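User: I am new to this structure and would like a close look at a single part of it. Please take one meeting of two domains and describe it with care.

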Amino acid sequence: MADAIELNVNGKTYRLSVPPETPLLYVLRNDLELNGAKFGCGLGQCGACTVLVGSQAVRSCAYPVDAAQDKPITTIEGLGSPERLHPLQQAFIDEQAVQCGYCINGMVMTAAALLLRDPHPDDSAIRQELATNLCRCGAHTRILRAIARAGGETAQ
Amino acid sequence: MREFELGRAVPRTEDFRLLRGRGRYTDDIALPRQAYLHVLRSPHAAARLRSLETKAAAGAPGVLAVLTGPDAEADGLGTFSSVVQRRRPDGSANFVPPYRVLALDRVHHVGEPVLAIIAESLAAAKDAAELVDIDWEILQSVTETAEAPAAAATVWDEVPDNICFVHEIGNKAAVDAAFARAKHVVREQFRISRVAVNPMEGRTALGVYDEHEDRYVLYAGVQGVHRTRAELAGTIFKMPASRLRVISPDVGGGFGMKGSAFPELALVLWAARKVARPVKWAAERGESFIADHHARDNLSDVALALDERGKFLALRVNTIANLGAFLASMGVHVATNNLGGLAGPYTTPHIHVTVTGVFSNTNPTCPYRGAGRPEASYCIERIIDIAARQAGFEPAELRRRNMIPPTALPYRTGLVFTYDSGAFEKTLDMALELADWRGVAARRAAAAARGKLYGAGLASVIEIAGGPADLPLEEAVEIRFDPTGHAAVLAGTHSHGQGHETMYRQFAAHALGLAPEHVQVFYGDTDLVFHGRGTFGSRSASVGGAAFLGAAQKIIDKGRLIAAHLLEASALDVEFAEGRFTVTGTDRSVELVEVAKAAFVPQRMPRDLELGLDARAVVTPPGPTFPNGCHVCEVEIDPETGVAGIVRYAVVDDVGKVVNPLLLKGQIHGGVAQGAGQALCEALIYDHGSGQLLTGSFMDYCMPRATDLPMLAVASNEVPAKTNPLGIKGAGEAGTVGALPAVMNAINDALLPLGIRHFDMPATPERLWRAIRAVETKKAPPP
Ligand code: FES
Ligand code: FES
């Protein structure tokens, strides 16, 4: 049954009435009109729906909204501001790592969690982290470079 | 404007919104009162519907409507068309199966739409689907390409042998004669596996019926909105095209597949009218696997005849192409229209090809990045490598001996195409240099010392773009200035990841000297853009560029008259350069932007000129283009586990004039990833008896991942095309065309020491392990 759920997303608090097992992705997209996280498979197999819950990257299509209460949620909309992009966003632009853009939310958010844990990841750490994020446009190598660049920038 | 000139590495103007989650893809659009459509699909590869009971579903909570095939018949909905016609051996036209929006009384592949349920929520629609009662009579099915002709199972009663067409081109007598006198004849059979296109954004559609205007709106990611409109309005709904508006917003990858018309596009529109509410359908991933059009899937017998010096005398190819159960809009095109690439960059004088298109109980096959081009390049480049081994030539040297010299251009090949330009041997040399081909032996030895098999493969490939060959398709661009002096560029092409917003801004900087912030680019809306063919076949830069220049010239011509009036000079004395009209030999000048503003002010305009500044051009290029290149791939295989990895990869491409090296290299990377994905791991597999798809999820279907791809070395050998004013050849498919043969040549090179003559794709660990074990067992002495 629908319960009152309280979510903190990108610094704002929302109270909603949704069944607690509803995947977080659907709540973000359908109830909060935050469309940055994408539906790619709905089964936790592609990464397109990744958001941060606390400092963890989670696949929101397979993450019950219930479990996301009490922790700050960050979506790509809340990662940087138009005036001050997150270093990852800037690095993805600089490396021209985006093609169709559909997987990019997942790539950026997965990398954001990695950088929180390890501000200067090396190539193999980045590849490992992104091993299960799919990109059909084949932008992988530039995505890897963009993350490495952001790692470098964070270092300064 | 200099920084946006052609050839500059301009960052994409679209990335700022995409990286902040502000893209707008179809599923991001939610309309008030929108209802949800769920498609109930055939669970069988072949079956008759004995009975269909939908009453319980129609009465279920939240259900607004249940629609069936007979309902579609009753409403007079048409069947999807097949664009290209071929013939049967008896000369009759190929059979075009009735490709309905919903099955009528029989299903022909797993996933075929049977009925549509529209409900308040997706959950309600899915729950109701459980209440549908269907009595199936299961029929025999055939899914294997090789077995389709003369299979016991018949996909269509009208075609007992499952043969849709037999298409023959080239000079058979000359080929036979050349084979008879050849010193070396090399023959092999190649299989190109069936793959899923799998754009990360699954197909999605939102249909609206506006009763007030008696008009429909379709939001869906498609590659050409006008083509989609023509097919849906004209063929399915049989109404004037102007009663349908098609909007294709941001699209999460198309790759050819989203150029097809699909039942779901018609279903959401039909349903929207039925329930008088907007209706949305979004494919789930498992649904995409069984509902999207698939790609590739053919089997070729290839034979090459050579003389004693290694000169190619003739090429013979016999292909069976699996078309699926229905013909996708461009399915027959893929199988028969891009065969010219078999000639490669070589002088082979005689080529003969027979393609047998077969029906099977599988999803229709459609264009997928390359659309017949990678298949053709694979056949010629693979057989050349086998010939090199068999006849004792070095693979690069054998290619070089047969390459069309620059002096011979334009060159009419032995099959269909006449190449306008290229520097094939130089491109080969540049690639060998970039890849350090000479260092292969040392790297092979080093790998062997680590117990690894090492292989190097190359592919010199060429493909048609902006075709078809005999009469290229036109493209349209409109340029409209507004009273503030800003320009709207409305293009008939469609960007679904290629970065066209940036490209057209570069065209505007080049031709009109406009700053990027003075240009807004529109595409993907039939109400905004007057005409267009869309984006496919690597055509948008070359043909869209030509159309842009056409429209820009009209702007300059009219602008000159206005400028002359403003500058009080004769138009004959006014010249245009870098965004500015100048009276020749003076410093009196006015910017185009100022001229555009003046064009809306009657007092500033010549009396005899129409107000406003806008122009449209529809341009048909005089001929297609021929992007070409050379790929060098190196792989390592662990013989213990069968795991193969690409360790080095180099490409030198000739895509003609480079518009933007950043965009270009992105396209090459992507193309290589898709070619390498198919070579190394991707394959759709059907269960032989039941016709069920066994690889219907990302768990079972292997997609190329970040860990699979090395950094690529990419360089360009720019030889301008002669068939369009900017000299552009096109880059969208080039990567895939080269990667499929280059990767498999490398894999096969690695397996050569084991005595394996040819190993088909995909080079999965399991298949490699089995192949390696099989030869080891054979070699092992009997116990
Ligand atoms: S949509 Fe969540 S992992 Fe694919
Ligand atoms: S950029 Fe298109 S899927 Fe990654």
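Analyst: Buried area is the accessible area, taken with a 1.4 Å probe, that two parts lose on being put together, summed over both. With that in mind, the part chosen here is the interface of domain 2 and domain 3 of chain B, and it should be said at the outset that this is a predicted model. The predictor gives the complex an ipTM of 0.96 and a pTM of 0.97, while chain B averages a pLDDT of 96, with 99% of the residues scoring at least 70.

The domain assignment divides chain B into domain 1 (2–20 + 473–619), domain 2 (31–139 + 198–291) and domain 3 (294–468 + 623–778), so each of these domains is, by that automatic or database assignment, written as two stretches of the chain. The C-alpha centres of domain 2 of chain B and domain 3 of chain B lie 35 Å apart, and where the two meet, 32 residues of domain 2 of chain B are in contact with 33 residues of domain 3 of chain B.

Between them, domain 2 of chain B and domain 3 of chain B bury about 2,600 Å², and carbon and sulfur atoms account for 63% of that area. On the side of domain 2 of chain B, the residues that lose the most area to domain 3 of chain B are B:Y99, B:F255 and B:F289, which together make up 24% of what that side buries.

As for polar links, the count across the interface of domain 2 of chain B and domain 3 of chain B is 0 salt bridges, whereas 12 residue pairs, both residues at pLDDT 80 or more, are in polar contact between the two domains. Helix α8 of chain B, residues 285–291, gives the largest share of the side of domain 2 of chain B that touches domain 3 of chain B, namely 5 residues. Sorted by class, that side of domain 2 of chain B has 18 nonpolar, 10 polar and 4 charged residues.

Taken together, the side of domain 2 of chain B that touches domain 3 of chain B can be pictured through its 18 nonpolar residues, through B:Y99, B:F255 and B:F289 with their 24% of the area that side buries, and through an interface where 12 residue pairs are in polar contact and the rule finds 0 salt bridges.

Technical notes: Residues numbered from 1 in each chain as written. Chains lettered and ligands numbered in written order. Predicted model: local features only at pLDDT ≥ 70, side-chain atom pairs only at ≥ 80, totals over all residues. Heavy atoms only, no water. pLDDT = per-residue confidence, 0-100. Contact = heavy atoms within 4.5 Å. Salt bridge = Lys/Arg side-chain N within 4 Å of Asp/Glu carboxyl O. Polar contact = N/O pair within 3.5 Å; in protein donor to acceptor, adjacent residues only side chain to side chain. Helix = DSSP H or I, 4+ residues; strand = E, 2+ residues; numbered from the N terminus. Nonpolar A, V, L, I, M, F, W, Y, C, P; charged D, E, K, R; others polar.
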